[in-house]
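Please look through the sequence and the model shown below before reading on. The report that follows takes up the chains, their shared core and a few single residues.

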Amino acid sequence: MSTELTHEQITGGGKPVFFDFDEHDHPEGGSTMLGFWMYLMSDCLIFAVLFACYGVLGHGYGGGKGPKELFELPLVAFNTAMLLFSSLTYGIAMLTMEKGSVRQVQFWLVVTGLFGLTFLGVEMYEFSNLIAEGNGPSRSAFLSAFFTLVGTHGFHVTCGLIWLTTLVIQIGTHGLGQANRRRLQCLSMFWHFLDVIWIGVFTIVYLMGVLG
Amino acid sequence: MSADTHSAHAPEYDAGAGGYHDAHGDDMPHGSMRDYVIGFILSVILTAIPFALVMTGALDHTWTAILVLGSALIQVFVHMIYFLHMKTSNEGGWSFIALLFTLIVIVITLSGSIWVMYHMNANMMPMSPAMSSETMSQQ
């Protein structure tokens, strides 16, 4: 932080200082958590708009099948359980992180990842079944809105899984330093946030849809 | 803690004390095993109730809808408190302000869209299911 000009040379002695020429020494990542929270809030807005879309278009069946005929609630209940379990195991991963054991953190992250992978697999199965039966996104406004909303959530879970895999490797090579702890914290927020969004999805789309 | 450390942003630079301190790194919200287990059990209950109600059809339509939406709302709070460790004091209150702002925008977006589009639909020329399936099959 040694600048070539001193304060006196720049400000000319007793004159008031309008600029702070010394760069502040903010520790790396000091504002990361707040920044990431801001990102999550803007992501929340994306989902709010997609929910609004679904609310508006969700009854446009175009003469085709509606939620009652298309959705299989046992499958959705299973998927909900998968995400819930993964939230718990990620929480345990964060607790073992405080103890500083790399192996244990990696183990719980992998368990979390497997739950996430199962969730994605079941969702893919559901989507491919719908499309195979001719109920793809282009069939009706309802199905377009459904695929966009649930697909966007699935895309987020996919990104979360990629991120999770990266972190498992990264803490394996670099350990649980301050930077990696921060990254794990961010992914923790992201992962729990996706579970919160899923509450909205299974309630509004699946349960209220089947209820009619 | 963050409230104290923010005073370090004042122009006085204390080189002797190692410069500006920001303890945000230590200030991350922590959870305990107890938090996660309580959150998990509550979530399981609040998920099982709506699924059971809809799948068995034990109650009438209105009550089922109220209980399903009610459990979802409570579960969102459970997740925020026990999993995301939200406190109004996190990051000096800024994350809570961001959350409030987001909620306001969400309420406006959701209620506005649904309200406006519902009225537009209600005022449109009625279209029978037969007509709409005809237009679909023509495509």
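How far apart do the end C-alpha atoms of residues 65–84 of chain B lie, and what share of the span is helix? Those end atoms are 27 Å apart, and the span is 95% helix and 0% strand, where helices (H or I, at least four residues) and strands (E, at least two) are DSSP runs numbered from the N terminus.

This is a predicted model, in which local features need pLDDT of at least 70 and side-chain atom pairs count only at pLDDT 80 or more, while totals for chains, interfaces and linings use all residues. Residues are numbered from 1 along each chain as its sequence is written, and chains are lettered from A and ligands numbered from 1 in the order in which they are written.

**Confidence**

For the complex, the predictor gives an ipTM of 0.82 and a pTM of 0.80. Chain B has a mean pLDDT of 75, and 68% of its residues reach 70 or more; pLDDT is the predictor's confidence in each residue, from 0 to 100. Over residues 1–26 of chain B the pLDDT is below 50, and this stretch has 31 contacts in the model beyond near neighbours in sequence, two residues being in contact if their C-beta atoms, placed from the backbone, lie within 7 Å.

**Chain A and the annotated spans**

Chain A has seven helices and zero strands, which gives the pattern α-α-α-α-α-α-α when the chain is read along the sequence. Of its 212 residues, 38% count as buried, a word that applies if 20 or more other C-beta atoms lie within 10 Å of a residue's own, whereas a residue is exposed if 12 or fewer do and partly exposed in between, with C-beta atoms placed from the backbone. Among the contacts in chain A with a separation of 6 or more, 80% join residues 24 or more positions apart.

In an unreviewed entry, the UniProt annotation "transmembrane region" covers residues 36–57, 77–95, 107–125, 145–169 and 190–211 of chain A, and residues 36–59, 65–84 and 96–118 of chain B. UniProt positions are given in the numbering used here, feature names are shortened, and annotations may be inferred rather than shown by experiment. Some of these spans are set out below.

| Span | Distance between end C-alpha atoms | Helix | Strand |
|---|---|---|---|
| Residues 36–57 of chain A | 31 Å | 100% | 0% |
| Residues 145–169 of chain A | 36 Å | 100% | 0% |
| Residues 36–59 of chain B | 31 Å | 88% | 0% |

Helix 4 of chain A has 27 residues and reaches 40 Å from its first C-alpha to its last, close to the 39 Å expected at 1.5 Å a residue; the expected span is 1.5 Å times one less than the number of residues in the helix. Just after helix 4 of chain A comes Gly100(A), which takes a positive phi of about 85°.

**The core and the contact between chains**

The largest nonpolar core has 63 residues, and those with the most contacts inside it are Phe146(A), Leu149(A), Phe190(A), Phe202(A) and Val205(A). Such a core is a set of buried Ala, Val, Leu, Ile, Met, Phe, Trp, Tyr and Cys residues joined through C-beta atoms within 7 Å. The elements that each supply at least two residues of this core include helix 6 (141–174) of chain A and helix 3 (61–83) of chain B, while the largest share, 17 residues, comes from helix 7 of chain A. Leaving aside residues up to four places away in sequence, Phe146(A) touches Tyr54(A) and Val205(A).

The contact between the chains takes 47 residues from chain A and 47 residues from chain B. On the side of chain A that touches chain B, helix 2, helix 4 and helix 7 of chain A are the elements that give two or more residues. The residues of that side divide into 27 nonpolar, 16 polar and four charged, where Ala, Val, Leu, Ile, Met, Phe, Trp, Tyr, Cys and Pro count as nonpolar, Asp, Glu, Lys and Arg as charged, and the others, Gly among them, as polar.

**Three single residues**

Is Gly177(A) buried or exposed? Gly177(A), placed in the loop between helix 6 and helix 7 of chain A, is exposed because 11 other C-beta atoms lie within 10 Å.

Leu46(B), found in helix 2 of chain B, counts as buried because it has 20 C-beta neighbours inside 10 Å. Not counting residues up to four places away in sequence, Leu46(B) touches Ser71(B), Ile74(B), Gln75(B) and Val78(B).

His85(B) lies in the loop between helix 3 and helix 4 (94–123) of chain B, and has a positive phi of about 50° although it is not a glycine. With 20 C-beta neighbours inside 10 Å, His85(B) counts as buried.
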